[in-house]
Structure formats: C-alpha cells, structure tokens
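Good morning, and thank you for making time for this. I would like to walk through one structure, beginning at its surface and then turning to helices, charged pairs and two single residues.

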Amino acid sequence: MNSDLSSFLDETIPVLEDLRKNGARNTLTYDFSCEDLKDDPNYDIKESPKLKGLLDRIDDMKGPVLYWYEVVSDHSNDAILNALQEYGQVEDHKAIPAFHKKHDKPTKILYVGKCKSHFSTRVIQHLGYFNSKKTQGLQLRCWANKLGLELTLHAMEFDNKMADIMLIVESYFARKLNPLVGKHD
C-alpha cells in the first residue's frame with residue numbers, strides 16, 4: 001500500500017511542479033446570456049450565431065479542463081434554485097446537478113466541473129443540447145433561458161498529464177468557489 005502511495009506521489013508531484021512553473025495551457029472567460037439558448041431539443045447549437053465565439057474557442061480545448069459558471073446577472077440564488085428545481089420536477093426532464101434544499105451560500109458561482117477531455121461536448125451538455133436524459137448537466141436551455149440568466153464561463157485547460165488528478169483539482173476549486181449546485185462533498 002505504501003509503495004502505491006509513493007508511486008502516486010512520484011508521478012503526481014512532477015506534474016504539479018510543471019503546472020506551478022508553466023501555468024495552465026489555455027484559459028477562457030466567456031460571457032453569454034441564457035436568453036440566447038433556444039428551447040428546442042433538435043436545435044443544432046453549433047449553428048447559433050450568438051454562441052459561435054464560445055463554441056469555436058472551446059473546440060480548441062482538447063486536454064483536461066477545470067471550469068465554472070459564474071452568475072453575472074442580478075438573479076438571487078433563491079430564484080436560480082427555484083427555477084432549476086421546477087425544471088427538475090417536469091416530467092421527462094434531463095438529469096440536473098444535485099443541490100441542497102436549504103441553501104444559504106453567499107455565492108455567485110453556479111457550478112464547478114471538470115472533464116478529462118471533450119470539453120466542447122461537456123459544455124453542450126450543460127447548455128442542454130445533448131440527447132441523453134441521463135447525462136447530468138445544468139440543462140440551461142430548459143430553465144435558465146426563461147429566467148434570463150447571464151453567465152460567465154471560466155475554463156482552464158491543462159496538460160494531458162493532469163487528467164488523472166482532475167478530481168482533486170475540481171474538489172479544491174469547489175471548496176474555494178462555493179458553487180450553488182453540484183455535489184462536491
């Protein structure tokens with residue numbers, strides 16, 4: 001058991017030192033309005049002129065990515081949670097993130113996530129344009145567009161060597177950013 005821990009540390013510490021020295025491979029900050037998300041499950045979001053800039057930028061992010069959605073509109077956390085909860089009660093809804101029924105976090109961060117690859121696919125899932133109902137995501141087109149929620153997507157792409165430790169990175173950032181939804185206990 002100790003040799004496994006030593007091996008993990010031997011592999012992980014140089015990767016983290018390289019990250020400290022060189023930083024993230026790529027970063028993204030992108031503002032968008034959920035009003036621009038058509039509530040049509042058959043709509044090809046890649047054809048959206050309003051989100052073309054975002055989709056073009058995330059297509060270039062191939063490695064592991066840490067990301068978070070920040071609320072920049074004046075919506076209260078209660079209004080956001082109520083809208084998400086109402087959507088979660090609609091028959092045949094898509095899977096949404098976990099949230100606490102009694103939520104009193106003073107935060108503007110909606111969600112923190114990570115992916116080892118395929119960041120553009122993950123963003124499309126969060127926007128609500130993924131066909132699977134079981135794949136968890138924010139499903140923004142299904143509830144946040146009606147609310148007029150305005151968000152900033154922040155993302156950091158890392159070297160592929162970071163893929164196996166992204167869960168640790170996500171957990172740390174979730175504790176620091178205090179997201180409104182998502183399970184990070």
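Let me begin with a definition: a nonpolar patch is made of residues with over 30% relative accessible area and no salt bridge, their side chains being joined within 5 Å. Please keep in mind throughout that this is a predicted model.

With that definition in place, the surface carries a nonpolar patch of about 450 Å², to which Leu5, Phe8, Leu9, Ile13 and Ile168 belong. The main contributor is helix α1, residues 2–22, which supplies four residues. Phe8 is one of the residues within helix α1, and its relative accessibility of 36% makes it partly exposed.

I turn next to helix α3, which runs over residues 77–88. Its twelve residues reach 16 Å from the first C-alpha to the last, close to the 16 Å expected at 1.5 Å a residue. The buried residues here are Asn77, Ile80, Leu81, Ala83, Leu84 and Tyr87. Viewed down the axis of α3, these buried residues fall within an arc of 160°, and they therefore line one face of the helix. What do the buried residues of α3 pack against? Their partners are strand β2 (65–71), strand β3 (109–115) and helix α5 (144–147). On the face of α3 turned away from the buried side, we find the exposed residues Asp78 and Glu86.

Helix α6 can be described in a similar manner. For its twelve residues, 1.5 Å a residue gives a span of 16 Å, and the end C-alpha atoms are indeed 16 Å apart. Met166, Val169, Glu170 and Ala174 are buried in α6. These residues cover an arc of only 130° around the axis, which places them on the same side of α6. Their cover includes β2 and β3. On the other side of α6, Ile168, Arg175 and Lys176 are exposed; Ile168 has already appeared as a member of the nonpolar patch. After α6 comes Asn178, with a positive phi near 60°.

Now to the charged pairs. Side chains of opposite charge can pair when their charged atoms come close. How many salt bridges does the structure hold? There are nine salt bridges in the structure, and I will discuss three of the pairs, including one inside a helix.

The side chains of Glu17 and Arg20 form a salt bridge, at 3.5 Å from N to O. Both residues belong to helix α1 and are three residues apart, about one turn of the helix. Glu17 is partly exposed at 41% relative accessible area, while Arg20 is exposed at 66%.

The second pair is Arg25 with Glu157, whose closest N and O atoms are 3.4 Å apart. This pair links distant parts of the chain, with Arg25 in the loop between α1 and β1 (26–33) and Glu157 in strand β4 (residues 150–157), 132 residues apart. Is each partner buried or exposed? Arg25 is partly exposed, with a relative accessible area of 45%, whereas Glu157 is buried, at 3% relative accessibility. Arg25 and Glu157 also belong, together with Asp159, to a network of salt bridges.

The third pair joins Lys116 to Asp164, with 3.6 Å between the closest N and O atoms. Lys116 sits in the loop between β3 and α4 (119–127) and Asp164 in the loop between β4 and α6 (166–177), so this salt bridge ties together parts that are 48 residues apart in sequence. Lys116 is partly exposed, with a relative accessible area of 49%, and Asp164 is exposed at 67% relative accessibility.

Finally, I would draw your attention to two single residues. Ser33 lies in strand β1 and is buried, at 15% relative accessibility. Apart from neighbours within four places in sequence, Ser33 contacts Leu149 and Glu150. Gly148 is located in the loop between α5 and β4 and is buried as well, with a relative accessible area of 10%. Which residues does Gly148 touch, not counting those up to four places away in sequence? They are Glu35, Ser73 and His75. As for Arg20, the residue seen earlier in the salt bridge with Glu17, its C-alpha is 38 Å from that of Gly148, and the two residues are 128 residues apart in sequence.

Thank you for your attention.

How values were computed: Residues numbered from 1 in each chain as written. Predicted model: local features only at pLDDT ≥ 70, side-chain atom pairs only at ≥ 80, totals over all residues. Heavy atoms only, no water. Patch = residues over 30% accessible without salt bridge, like charges linked within 9 Å, V, L, I, M, F, W, Y side chains within 5 Å. Areas by Shrake-Rupley, 256 points an atom, 1.4 Å probe, with all protein chains shown as cover. Salt bridge = Lys/Arg side-chain N within 4 Å of Asp/Glu carboxyl O. Helix = DSSP H or I, 4+ residues; strand = E, 2+ residues; numbered from the N terminus. Buried < 20%, exposed > 50% of the residue type's maximum accessible area, 1.4 Å probe, protein only. Expected span 1.5 Å × (residues − 1). Arc of directions from axis to C-beta. Contact = heavy atoms within 4.5 Å.
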